[in-house]
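Me: Please take a close look at the salt bridges here. Give me the reliability and the overall layout before you start, and follow with whatever else helps to read the neighbouring parts.

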Amino acid sequence: MRSPSTTGGVGRLNGRMAPRAARSRVVVALDARESRAQSPRAADLALVTFIHRLLEEATAHVGLERLLASIVQGAAHLCGARMAAISLLREDRQELEVVSVYGAPGAIHGTRLPVAVTFNGTVVTSGRALRCGDVRRLRDSARAAIARRNDVRGLCIVPLHGPEGAIGTLAAAKKVRWQCTGDEEIVLKLLAHVASVAVQLGRPRAAAPPLRGLAGKERAIARLLIADKTHKEIAEVTGLSVRTVGHYVERLKLRCGVSTMHGLVGSLLLGAS
């Protein structure tokens, strides 16, 4: 299979050679596209196997950068596209940032795309896939002007969905007119789902406030500690023994990840604010 002109190619991840086992899996899955006419069932099985392995790697917390590189490479080859890229919505929700790209000439990684005036932004806003066979037909569109500057003509963009809406996009593009088929769109959506899982698992989770999730005696003791009460005073209020209060306090220290009473009170104050 002839690879598009890229800085990587089959078996490379961000310009570096992938491990032999990983290369063989990717090549088998990507070459399945060529054998579809002869053996549709075998080609579909290879595709499912490829996506299943990507999901396994995502849930195993394999490096996010490497996994996204495999996804965009797979998207480009499976759709016969020149370029594929994953962009993620920034915190301000006004821009998308290109975080992984395959087959693009020049430095596109890190490029920011305004949500208001780009095809990717349209997909994020609507939460639906977008297919355009020839952006040159949209001569009066600012979106088309951006696509022309990047030497893109035919494209298909699908959203990466999160729990509260779209969190980014997966785009595949060609230099020539391209009527993306329904099968190709399904492939992109499957890969976008894997990318979404990987991104959400790879993002750091904000620590829950210490008082959230506390109930009963634990919550009462936490509030009394914030009020600067001693173990003896807490025991009198709660009807517990001083030793039992001490056990509760030690569990609270473990929960908050601190080792001193001063650190515990500070964490509880932050959680109560």
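Reply: Reliability comes first. The mean pLDDT (the predictor's confidence in each residue, from 0 to 100) is 78 for this protein, and 76% of its residues reach 70 or more. The model is predicted, so local features need pLDDT of at least 70 and side-chain atom pairs need 80 or more, while totals for chains, interfaces and linings use all residues. Residues are numbered from 1 along each chain as its sequence is written, and side-chain values use heavy atoms, without hydrogens or water.

Two stretches call for caution. Over residues 1-29, pLDDT stays under 50. The model gives that stretch 49 contacts (heavy atoms within 4.5 Å) beyond four places in sequence. Residues 32-38 also stay under 50, with 12 contacts beyond four places in sequence.

Now the layout. The protein has 10 helices and 8 strands; these are DSSP runs, numbered from the N terminus, with helices (H or I) of at least four residues and strands (E) of at least two. Of its 273 residues, 43% are buried. Buried means under 20% relative accessible area, exposed means over 50%, and partly exposed lies in between (1.4 Å probe, protein chains only). Take the contacts between residues at least 6 apart in sequence: 55% of them join residues at least 24 apart. The accessible surface comes to about 15100 Å², and carbon and sulfur atoms hold 52% of that surface. Those areas come from the Shrake-Rupley method with a 1.4 Å probe; for residues, only the protein chains shown count as cover.

On to the salt bridges. The rule asks for a side-chain nitrogen of Lys or Arg within 4 Å of a carboxyl oxygen of Asp or Glu. That gives 7 salt bridges.

Start at Glu185. Arg131 pairs with Glu185, and their closest N and O atoms are 2.8 Å apart. This pair links distant parts of the chain, 54 residues apart: Arg131 sits in strand E6 (residues 130-132), and Glu185 in helix H6 (residues 182-202). Burial differs between the partners. Arg131 is partly exposed because its relative accessibility is 45%. Glu185 has 11%, so it counts as buried.

Glu185 has another partner, Lys189, with the closest N and O atoms 3.0 Å apart. Lys189 and Glu185 both belong to H6; they are 4 residues apart, which means about one helical turn lies between them. Lys189 is partly exposed, at 42% relative accessibility.

Elsewhere, salt bridges with shared partners tie Arg90, Glu95, Glu97 and Arg112 into one network. Arg93 lies in the loop between strand E3 (83-89) and strand E4 (95-102). Its phi is near 60°, a positive value in a residue other than glycine. Arg93 is partly exposed, with a relative accessible area of 48%.

Then comes the pair of Arg153 and Asp134, with the closest N and O atoms 2.9 Å apart. It too links distant parts of the chain, 19 residues apart. Arg153 is in the loop between helix H5 (142-149) and strand E7 (154-162). Asp134 is in the loop between E6 and H5. Both residues are buried.

H5 itself deserves a look, since both of those loops border it. Its buried residues are Ala144, Ile146 and Ala147. Seen down the axis of H5, they fall within an arc of 160°, so they line one face of the helix. The arc is taken from the directions from the helix axis to the C-beta atoms. Helix H4 (119-126) is part of what covers the buried residues of H5. Just after H5, Asp151 takes a positive phi of about 60°.

Helix H7 (residues 216-226) can be read in the same way. Its residues Glu218, Ile221, Ala222, Leu224 and Leu225 are buried. They cover an arc of only 165° around the axis, which puts them on the same side of H7. Just after H7, Asp228 has a positive phi of about 65°.

Last, the cysteines. A disulfide is a covalent bond between the sulfur atoms of two cysteines. The cut-off is a pair of cysteine sulfur atoms within 2.5 Å, and the structure holds 0 disulfides. For Cys180, the closest cysteine sulfur is that of Cys156, at 3.6 Å, too far for a bond. Cys180 is buried, at 8% relative accessibility. Cys132 is buried as well, at 12%.
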